[in-house]
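Trainee: Could we go through this one together, a question at a time?
Mentor: Sure, pull it up and ask away.
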Amino acid sequence: MNALKRSFVDCSTRQTQLLRYKQASLRTCCLARRNYTRPAFAPKPSIDIKHIRQNPGLYEQNCIDRNYAAHSKASWRIIELHEEWLALQQSARGLRERNNLIRGRLAKTAAHMKDAEGKPPAPQNKGSLINEAKALKAELSAIEAKETQLQDEIENLAQDLPNLSSTHTPVGLEPEVVEYIHKHPESTSGEPNRVWKSHVDIGQELGILDFSGSAQTSGWGWYFLVGNGAMLEQALVQYALSVARKKGWLAVAPPSLVYSHIASACGFQPRDQNGEQQIYALEQAEKDKTKPQLVLAGTAEIPLAGMKANQTLEDINLPLKTVGVSRCYRAEAGARGANTKGLYRVHEFTKVEMFAWTLPDSVEEDHFSSTDASSSEAVFTEMLSIQKEILEALGLHCRILEMPTTDLGASATRKRDIEAFFPSRRGKDEGWGEVTSTSMCTDYQSRRLHTRVRLEGRKLEFPYTVNGTALAVPRVVAAILENHWNEQDSSVTIPEVLRPFMGGQAKIEKA
């Protein structure tokens, strides 16, 4: 952490901070605006704005490292707005004192109090006091409205900042390869003339994938799993659930529709920084325009996190570990070409997702994870071990990556991905494609969802959250088809761990 902090320069006084902000070339933050209205019942975010004000350079550099350039000056803007707010507080203090004095004098007048000479106060004195009181009230109302406006702007800027990056996270664009699962099939295969085929061709040859039918019903990015393809999906889901449940994870069936403000609190915006659509929002009828907007969840992480919004957990119940199966919906605005053909990039898919709340393990108020073993670190490690167990058992060649700052979502402080080898993608990224992801989010989500934990001594804090993919079905189906294809008999060998969920079937063959 000290090495990270040395790369940031923080000013020692507010005046220096403001001067630096005013001299910055990007004075105005062109931030993405929310396209929904936060309903009254929504969780009230509790961002540590004081930490942002005390470390503006830290947050600026963090935004730059994470490719949030439009937000890089937000911390300095927050300081400027806070200074304006303090100035209003100071000016209002004198007005309130004067207002209280006048109200006291008017109260005495109403009680027919006598002045120093024993005579009732002059009517014109009372009238002037009333007029002054009205003027003061109007002036104070205007100041209070401005104070509220400033506080709202500060909170919005703070909420839109990404989480601080972990010291484990490489800065830049390149991930760090941590380890491999199984040996590369091309380097160890005893079949030099082995034929590699795309899962699209394999699935259509075996009659288990139908893209032409889905093109008619839904368009690009959807698909039908047919026969053994559909059964393979169910087997994968059941196997992933069985692995997680044996390790004490609580199965949850979450909803697919969530409020926009819940998705936003988890770090998922309906549109990304470039204005491209990320998640699907439901169109509301005119009569429902006043109701909170609903979106389709891009991952079970969102409803699972929202399940404990506005709630207080007990420390003895943490870590609380859940595993949910859901349909996931992604707008996936990226390019559509040969590299995204088939099951690799789709709009709707089934995923088994792990989500957990743990005790906070920050070092004092530094907002960084402790370097010592902690509950969130332990759960993060457990999620990775579950992912490795599943992918190893499925016989897939994979690599585990420590992801760089530019690849982190808004909520993550640290992320590890596991990529599998897809023979059909050898022309892109040497065949590697993401199949799982695990993220530590510290208190980013719990602060925005107002989920708290009661610690020993009854102190209330914000728990940490950790999430990770147990199994994303379409990509794993694609990897199994491509890696376990047998050209000699035109079949796919079903991994042994899946066979009990497929009635003992060992191969998928053409019907």
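What follows is a short round of questions and answers on core, helix, sheet and rings.

Mentor: Ground rules before we start: this is a predicted model, where local features need pLDDT of at least 70, side-chain atom pairs count only at pLDDT 80 or more, and totals for chains, interfaces and linings use all residues. Residues are numbered from 1 along each chain as its sequence is written, and side-chain values use heavy atoms, with hydrogens and water left out.

Trainee: Which helix gives the largest share of the largest nonpolar core?
Mentor: A nonpolar core here is a set of buried Ala, Val, Leu, Ile, Met, Phe, Trp, Tyr and Cys residues joined through side-chain atoms within 4.5 Å, with buried meaning under 20% relative accessible area (1.4 Å probe, protein chains only). The largest one has 60 residues, and Leu236 and Trp249 are among those with the most contacts inside it. Its largest share is 9 residues, and they come from helix H10 (residues 228-246).

Trainee: What span does H10 reach from its first C-alpha to its last?
Mentor: Helices are DSSP runs of H or I, at least four residues, and strands are runs of E, at least two, numbered from the N terminus. The expected span is 1.5 Å times one less than the number of residues. With 19 residues, H10 is expected to cover 27 Å, and its span is close to that: 26 Å.

Trainee: Which strands stand at the edges of the open sheet of 3 strands?
Mentor: Two strands pair if DSSP finds at least two bridges between them. The order is S7-S13-S14, with mixed pairing. One side of each edge strand is left without a neighbour in the sheet, because each has a single partner strand; the edges are S7 (312-314) and S14 (460-461).

Trainee: How do Trp196 and Phe421 pair, and what is the angle between the planes?
Mentor: Rings of Phe, Tyr and Trp (its six-membered ring) pair if their centres lie within 6.5 Å; planes under 30 degrees apart count as stacked, over 60 as edge-to-face and the rest as tilted. Trp196 and Phe421 are both buried. Their centres are 6.1 Å apart and the pair is edge-to-face, with the planes at 85°.

Trainee: Which residues do ring pairs link into a cluster?
Mentor: Phe421 also pairs with Trp432, with centres 6.4 Å apart and planes at 75°, so that pair is edge-to-face. Phe421 sits in strand S11 and Trp432 in strand S12 (residues 432-440). The cluster linked by ring pairs is Tyr180, Trp196, Phe421 and Trp432.

Notes
Buried means under 20% relative accessible area, exposed over 50%, partly exposed in between (1.4 Å probe, protein chains only).
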